[in-house]
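Biologist: I would like a close look at one part of this model, the place where two neighbouring helices of one chain pack against each other. Please take me through that part carefully, and then set it beside what can be said about the rest.

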Amino acid sequence: MGNDDHALIRRVLVGEKDAYGALVVRHSQAMFRVAFRITENEADAEEVVQEAFMRGYHNLGNFDARANFRTWMYRIAMNCALDVLQKRKAQTTVIIAEEYDGEETTVQLTDSAAGPDRLLLSQEVEARRQAAMEKLTATERIAFVMRHMEDRSTEEIAGALGIAPNSAKQAVFRAVQKLRQSLAPLWVRS
Amino acid sequence: MKHLTEEELIDHYYSEDSDKAEVEAHLRTCTPCACAYEELGKLLANVRAPEAPARDSEYGARVWQSIQRSLEPYPAKQKRKFFYFPQLAYAAACLLLLAGAFLAGRMWEHVHTRSTVAANPQQAKERVVLFVLDNHLDRSERLLVQLNHSGAEGETADLPLQAEARQLLTDNRLYRQSVAQSKDPLLNAALDHLERVLLEVANSPDELSSADIARIEQEMNTQGLLFQIRVLRTRVSEQKQNAQAIQKGAVL
């Protein structure tokens with residue numbers, strides 16, 4: 001597929017715009033999935049996919065022929081996703097801060113009863129996870145999503161983020177630490 | 001025993017650790033580390049990726065439809081270069097033509113020089129032989145004509161005729177030896193015949209009487225020799241002209 005991607009890229013660069021359509025069709029699903037896992041919003045994910053492919057097209061002249069097109073597109077999609085996240089960050093931060101104060105959470109999660117309360121707990125868990133994710137830096141969030149949810153190797157993460165493999169590993173480590181700090185009491189008590 | 005760090009536990013969870021077997025062995029024997037690892041696993045196992053809404057098989061095509069109108073095709077690189085830099089293209093073409101002409105000239109000259117040089121050893125030798133042979137035959141013809149005239153007019157042959165015969169005799173020996181390998185029977189025979197006549201004239205007494213000349217003419221058949229030499233001269237002249245034409249053609 002890599003060679004096919006490169007052949008399509010060469011055609012695009014000599015004026016065959018439609019060859020880029022084949023690349024878009026081939027990689028859209030994967031881009032949407034990862035965009036959604038980062039943004040956790042369907043509309044935002046679609047916006048990310050479109051924006052990523054547009055940026056990819058405009059920067060195709062800078063594409064390194066030795067690189068992997070999907071990894072390269074991941075990196076662009078990450079940047080687009082981050083832009084989207086930053087737009088809504090202020091609102092989200094305020095909401096999370098108001099809803100999930102530390103003391104309040106402890107009180108809510110001590111109840112392990114069944115029925116509506118259990119459903120409420122499940123919602124709380126999900127909300128807590130989202131809140132914990134929001135606390136991650138952009139690099140940590142992307143590194144964690146790629147490592148934990150996309151099952152990407154450290155090298156792939158490093159390639160997507162444009163950082164050293166050890167830095168990518170450290171980003172995953174810090175993300176897990178933060179998530180653990182936020183979520184560990186929840187699992188113990190529930 | 002040293003406990004595993006949190007980083008090592010995370011590495012092990014994601015199978016990023018380099019000493020996996022050693023970590024597993026440690027986890028089997030170290031309860032605190034095993035508990036910490038179990039807690040970490042429980043935590044991370046419950047951090048599930050949000051399920052992305054399914055996209056049908058036409059999703060990619062729709063994405064392309066939505067963005068393709070805003071994308072300008074990349075210009076073809078060769079056309080763009082020529083379009084933006086026509087002067088450079090023309091200048092390059094002119095330079096290319098000049099360079100091509102120069103190289104063609106050099107190659108032509110090289111080939112020509114080579115052929116001329118290659119042909120030289122054989123052709124030059126032939127041209128020299130033809131030239132000197134023609135000259136020699138010319139002088140021999142004149143001597144024979146003088147000899148015949150002297151005999152016909154009853155005069156005595158003077159010293160210069162004998163001196164000329166001696167000189168021609170020396171030259172004739174050389175030419176005869178030179179053409180001996182040429183497989184030209186007419187030329188060989190003529191030179192051989194000429195040598196005997198010249199020898200006779202050169203070795204005669206100081207003043208050849210008309211009787212001596214008549215004897216030589218009769219015995220040596222100088223009239224026949226003169227005819228042979230004239231025929232040879234004609235042939236040699238033609239060969240000289242052919243050789244000169246070939247030389248001119250090679251030069252051109």
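Modeller: What follows starts with the helix pair, moves along the same chain, and ends with the other chain.

Please keep in mind throughout that this is a predicted model. The pair in question is helix H2 of chain A, residues 18-39, and helix H3 of chain A, residues 42-58, whose axes come within 8 Å and cross at roughly 140°. Angles over 145 degrees would count as roughly antiparallel, and H2(A) and H3(A) are therefore described as oblique to each other. The handedness of the crossing of H2(A) and H3(A) is right-handed.

On the side of H2(A), the residues that make the contact are Tyr20(A), Val24(A), Ser28(A), Met31(A), Phe32(A), Ala35(A), Phe36(A) and Thr39(A). They meet Glu42(A), Asp44(A), Ala45(A), Glu46(A), Val48(A), Val49(A), Ala52(A), Phe53(A) and Tyr57(A), which belong to H3(A). Sorted by class, this contact of H2(A) with H3(A) has 12 nonpolar, 2 polar and 3 charged residues. As general background, an α-helix has 3.6 residues a turn, so residues three or four places apart point the same way.

The loop between H2 and H3 of chain A holds Glu40(A), a residue other than glycine whose phi is nevertheless positive, near 55°. Most residues other than glycine have a negative phi. Glu40(A) has 18 C-beta neighbours inside 10 Å and so counts as partly exposed.

A second loop of chain A, the one between helix H7 (138-149) and H8, contains Asp151(A), and there too phi is positive in a residue other than glycine, with a value near 55°. Asp151(A) has 10 C-beta neighbours inside 10 Å and therefore counts as exposed. In helix H8 of chain A, residues 154-161, the buried residues are Thr154(A), Ile157(A), Ala158(A), Ala160(A) and Leu161(A). Seen down the axis of H8(A), these buried residues fall within an arc of 165°, which means that they line one face of the helix. Just after H8(A) comes Gly162(A), with a positive phi of about 70°.

Turning to the other chain, the secondary structure of chain B consists of 10 helices and 0 strands. Of its 252 residues, 19% count as buried, and 72% of the contacts in chain B with a separation of 6 or more are between residues 24 or more positions apart. One pair of residues that are separated along chain B but brought together in space is Ala163(B) and Ala202(B), which are 39 residues apart along the chain and have C-alpha atoms separated by 6.9 Å. Ala163(B) sits in helix H7 of chain B, residues 159-179, and it is exposed, with 11 other C-beta atoms within 10 Å.

The two chains also touch, in a contact that takes 36 residues from chain A and 30 residues from chain B. On the chain B side, helix H1 (6-13), helix H3 (31-46) and helix H4 (59-68) each supply at least two residues, and H4(B) gives the most, with 8 residues. By class, the residues of chain B that touch chain A divide into 19 nonpolar, 5 polar and 6 charged.

Conventions
Residues are numbered from 1 along each chain as its sequence is written. Chains are lettered from A and ligands numbered from 1 in the order in which they are written. This is a predicted model: local features need pLDDT of at least 70, side-chain atom pairs count only at pLDDT 80 or more; totals for chains, interfaces and linings use all residues. Helices (H or I, at least four residues) and strands (E, at least two) are DSSP runs, numbered from the N terminus. A residue is buried if 20 or more other C-beta atoms lie within 10 Å of its own, exposed if 12 or fewer, and partly exposed in between; C-beta atoms are placed from the backbone. Two residues are in contact if their C-beta atoms, placed from the backbone, lie within 7 Å. Axes are lines fitted to C-alpha atoms, for helices over the stretch in contact, and angles run from 0 to 180 degrees between N-to-C directions. Angles under 35 degrees count as roughly parallel, over 145 as roughly antiparallel, 65 to 115 as roughly perpendicular and the rest as oblique. A crossing is left-handed if the near helix is turned anticlockwise from the far one by less than a right angle, and right-handed if clockwise. Ala, Val, Leu, Ile, Met, Phe, Trp, Tyr, Cys and Pro count as nonpolar, Asp, Glu, Lys and Arg as charged, and the others, Gly among them, as polar. The arc is that of the directions from the helix axis to the C-beta atoms.
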